[in-house]
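Me: Please take a close look at the surroundings of the ligands. Keep the cut-offs in view, as I want to set this beside my own contact lists.

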Amino acid sequence: MGERNYILVTGGAGYIGSHTAVELMASGFDVLVADNLSNSHEEVIGRIGEIAGRTPVFEKVDLCDKASTDALFDAYGISAVIHFAALKAVGESVEQPLRYYRNNLLSLINVLGACGRTGVESFVFSSSCTVYGQPDSLPVGETAPVKEAESPYGSTKKMSEEILADATRQNTLRAVSLRYFNPVGAHHSALIGEYPIGKPSNLMPVITRVAAGKLPGLEVFGDDYPTPDGTCIRDYIHVMDVAAAHVVALERLLKREGQPFEVYNLGTGKGHSVLEMVHAFRDRTGVDIAYTIGPRRPGDIEQVWADVGKIRKVMGWKAQYGLGEMIDTAWQWEQALETLEPGISRGGGE
Ligand code: NAD
Ligand code: WQD
């Protein structure tokens, strides 16, 4: 094997992976993106290049395929992996549990196997605040118990962390699991953003689509929760802050600092209700969001926000962006989507 030049970013054509690729390249890393494009578009690779000034290497690979995954690791000198590749639609995971377990667990196991075989020792994993369920106390810290998952998707994150805990006990692998709260927003260039195939189900993309006139209105899922305005509370975090945290975590791993397996919350530490988000969007953009109050969405957590003390203390990282920038960039991105080729615009039901 030649020199280990590349940071392998699996799922790097996706939402968070593409923003992280930009941040990695800005920090001087060479990026190899592996993605099967099941929820993304190859055009994103060129856009990462436009922002970063150089284009990442791209390989279309299904990481559930062991032979292709091994071939990828044999073809490139990989020094570390940031593993974003997964299916992430909570509702869909309830309808298609085996597809979620197969995709999210097999891809992880194949990538970890290839790391072991080729001596890659640094691994960053995309986990989720979903592992906490409804925490007993807030803000929720990393030592809070991991609860029974609300969905097969959540279950894959919980199981993946267990796999990583075991894998890092057995060999030289070191891993950081970042438990994201609610990533929103886009790169300020509006060249990349949340760009999935199909209909959005998360709050911010629904809000921006309503604002753009592509959806008639927002249905607020329940206003009878025991929160100040009755709607659910989440810790929204700018995707560029999420991206930056990956670079810091990677650098910690490459320096071989800390324990073989560490978990960190990735949030701002501030909670906002659904109605606060709707009103903040109007105040920031001047665009009213028509909404109706609907029933609670099954499986929704009432309220959750992060204790971000650990990542701040250990890695010196904290969120730089506030709600205003999250809204501005999400809205700019929604408007930029208008100018993209119709065939690849979001929500086309491809
Ligand atoms: P995304 O769907 O935009 O990106 C995931 C990428 O992985 C897609 O480009 C998809 O094509 C690719 N992929 C999926 N299965 C693959 C496979 N078998 N082989 C190769 N590529 C594959 O999602 P995202 O929002 O960028 O999420 C990235 C990661 O972060 C996921 O693991 C997700 O579960 C996790 N996460 C996301 C959120 C969120 O709200 N977006 C919150 C917590 C955790
Ligand atoms: C936010 C709030 C909804 C849409 C999900 C996953 C989680 C993580 C992030 C991946 C909730 C309300 C939403 C709408 C609404 N993903 N809402 N009307 O559910 O916190 O988290 O994405 O790991 O695991 O579960 O995010 O954006 O879907 O919802 O009222 O049309 O907005 O009820 O209170 P959620 P979300």
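Reply: Element names first: helices (H or I, at least four residues) and strands (E, at least two) are DSSP runs, numbered from the N terminus. The model is predicted, so to speak, with strings attached: local features need pLDDT of at least 70 and side-chain atom pairs 80 or more, while totals for chains, interfaces and linings use all residues. Residues count from 1 along each chain as written, chains are lettered from A and ligands numbered from 1 in written order, and side-chain values use heavy atoms, without hydrogens or water.

Let's start with ligand 1. How many residues surround ligand 1? There are 28 of them (a heavy atom within 4 Å), and the closest are Ile16, Asp35, Asn39, Ser40 and Tyr153. Strand β5 (122-128) is on the list of elements that give two or more residues to this shell, together with α1 and α6 (152-170). Of the elements, β5 gives the most, namely 3 residues. You can place several of the closest residues on that map: Ile16 sits in α1 (residues 15-26), Tyr153 belongs to α6, and Asp35 falls in β2 (30-35).

Now for the polar contacts (N or O pairs within 3.5 Å). The side chain of Asp35 has an N or O atom 2.6 Å from an oxygen atom of ligand 1. For Ser40, the distance from a side-chain N or O atom to an oxygen atom of ligand 1 is also 2.6 Å. Asn103 offers a nitrogen of the ligand a polar side-chain atom, at 2.9 Å. As for cover, ligand 1 on its own exposes 830 Å² (Shrake-Rupley, 1.4 Å probe), and the protein buries 96% of that area. By class, its shell has 14 nonpolar, 10 polar and 4 charged residues (Ala, Val, Leu, Ile, Met, Phe, Trp, Tyr, Cys and Pro are nonpolar, Asp, Glu, Lys and Arg charged, the others, including Gly, polar).

Over to ligand 2. Which residues come nearest to ligand 2? From a set of 18 around it, the nearest are Tyr153, Leu203, Glu219, Arg234 and Asp300. Tyr153 is therefore a name to keep an eye on, being listed among the closest residues for ligand 1 and for ligand 2. Glu219 is in strand β8 (residues 218-221), the element that gives the most to this shell, with 4 residues. Leu203 is in helix α7 (residues 203-211).

Three side chains make polar contacts with oxygen atoms of ligand 2. Asp300 has an N or O atom 2.5 Å from one, Asn182 puts a polar atom at 3.0 Å, and Ser128 does so at 3.1 Å. Free of the protein, ligand 2 has 680 Å² of accessible area, and the protein covers 87% of this. Its shell divides into 9 nonpolar, 5 polar and 4 charged residues. Ser128, by the way, lies in β5, the strand that also leads the shell around ligand 1.

A couple of backbone details are worth checking while you have the model open. The peptide bond between Leu138 and Pro139 is cis, with omega near -5°, and Pro139 lies in the loop that links β5 to α6. Leu37 has a positive phi, near 60°, although the residue is not glycine. You'll find Leu37 in the loop between β2 and α2 (43-52).

Terms used: A polar contact is a pair of N or O atoms within 3.5 Å; within protein, one must be able to donate a hydrogen and the other to accept it, and residues adjacent in sequence count only if both atoms are side-chain atoms. Axes are lines fitted to C-alpha atoms, for helices over the stretch in contact, and angles run from 0 to 180 degrees between N-to-C directions.
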